[in-house]
Amino acid sequence: MFDNVGGKIKVLAKVLTGIGIVASIISAISIWSQAGARYAGPSGPYIWTGLLVLILGCLSSWLGSLALYGLGQMIENTDNISYYATRTYEMARLQNNGDSKPKSAPTPAAQKSLAQAGGNPPAHKSKTCPKCGEIASAMYCPICGTRME
Ligand SMILES: [Zn+2]
């Protein structure tokens, strides 16, 4: 119930935006139809009042949800960071335990690209997970933990 909170907040923000926009449209239509009933055809000021309600209503519901959506995105990012951090730690632990032979030194090309990237290895997404199809550069699938091919 309380997993993927970030994703749920994002969905909530979208739903609230939708409700706000629909409410604005209904308000504008009711203003226009009232004007139509009173003046037999929408008259100038009512057209603009309805339009103003429509535009401001949509704009405010969008802006209000933007903050909520941002919060959801932030929670999601934090979840991802902690998830991948844990995964990375687990992978490093597995590799240290499993591999007895020393790691080969990086090739000159790899060293060059490493230097160009400012010390960070380039994000080659070259391997595909045989189980779930996730594409990543890691030795083990970050989604399901299967060894990548
Ligand atoms: Zn996988």
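Q: What makes M91 and M148 contacts of A138 in this predicted model, once neighbours within four places in sequence are left aside?
A: Two residues are in contact if their C-beta atoms lie within 7 Å. Leaving aside neighbours within four places in sequence, A138 is in contact with M91 and M148. For A138 and M148, 10 residues apart along the chain, the C-alpha atoms are separated by 7.2 Å. The cut-off concerns C-beta atoms, so that C-alpha value doesn't decide the matter.

Q: Why is A138 called partly exposed?
A: Buried takes 20 or more other C-beta atoms within 10 Å, and exposed takes 12 or fewer. A138 has 17 C-beta neighbours inside 10 Å, so partly exposed is the label. As for its place, A138 sits in the segment after β2 (135-136).

Q: Is C129 buried or exposed, and how do you know?
A: The bar for buried is 20 or more other C-beta atoms within 10 Å. C129 has 20 of them, so it counts as buried. You'll find C129 in the loop between β1 (127-128) and β2.

Q: Which residues does C129 contact, neighbours within four places in sequence aside?
A: The list for C129 runs E134, C141, I143, C144, T146 and M148. As for Y140, it is 11 residues from C129 in sequence and 8.1 Å away in space, C-alpha to C-alpha.

Q: What makes Y83 exposed?
A: Exposed means 12 or fewer other C-beta atoms within 10 Å. Y83 has 12 C-beta neighbours inside that radius, so it counts as exposed. Its place is in helix α2 (residues 44-98).

Q: How far apart in space are the C-alpha atoms of Y83 and I143?
A: They're separated by 9.6 Å, with the two positions 60 residues apart along the chain.

Q: Why does S33 count as partly exposed?
A: Go back to the limits: 12 or fewer gives exposed, 20 or more gives buried, and anything in between is partly exposed. S33 has 13 other C-beta atoms within 10 Å, so it gets the in-between label. S33 belongs to helix α1, and I47, 14 residues away in sequence, is 10.0 Å away from S33 in space, C-alpha to C-alpha.

Q: What is there to say about phi at N4?
A: N4 has a positive phi of about 50°, although it isn't a glycine. N4 lies in the segment before α1 (5-39).

Q: Why is N4 called partly exposed?
A: The exposed label stops at 12 neighbours and the buried one starts at 20. N4 has 13 C-beta neighbours inside 10 Å, so partly exposed it is.

Q: What pattern does the protein chain follow along the sequence?
A: Reading along, you get α-α-α-β-β. That fits the tally of three helices and two strands.

Q: What share of the protein chain is buried, and what share of its contacts with a separation of 6 or more link residues 24 or more positions apart?
A: Buried residues make up 8% of the 149 residues. Among contacts with a separation of 6 or more, residues 24 or more positions apart account for 47%.

Note on methods. Residues numbered from 1 in each chain as written. Predicted model: local features only at pLDDT ≥ 70, side-chain atom pairs only at ≥ 80, totals over all residues. Helix = DSSP H or I, 4+ residues; strand = E, 2+ residues; numbered from the N terminus.
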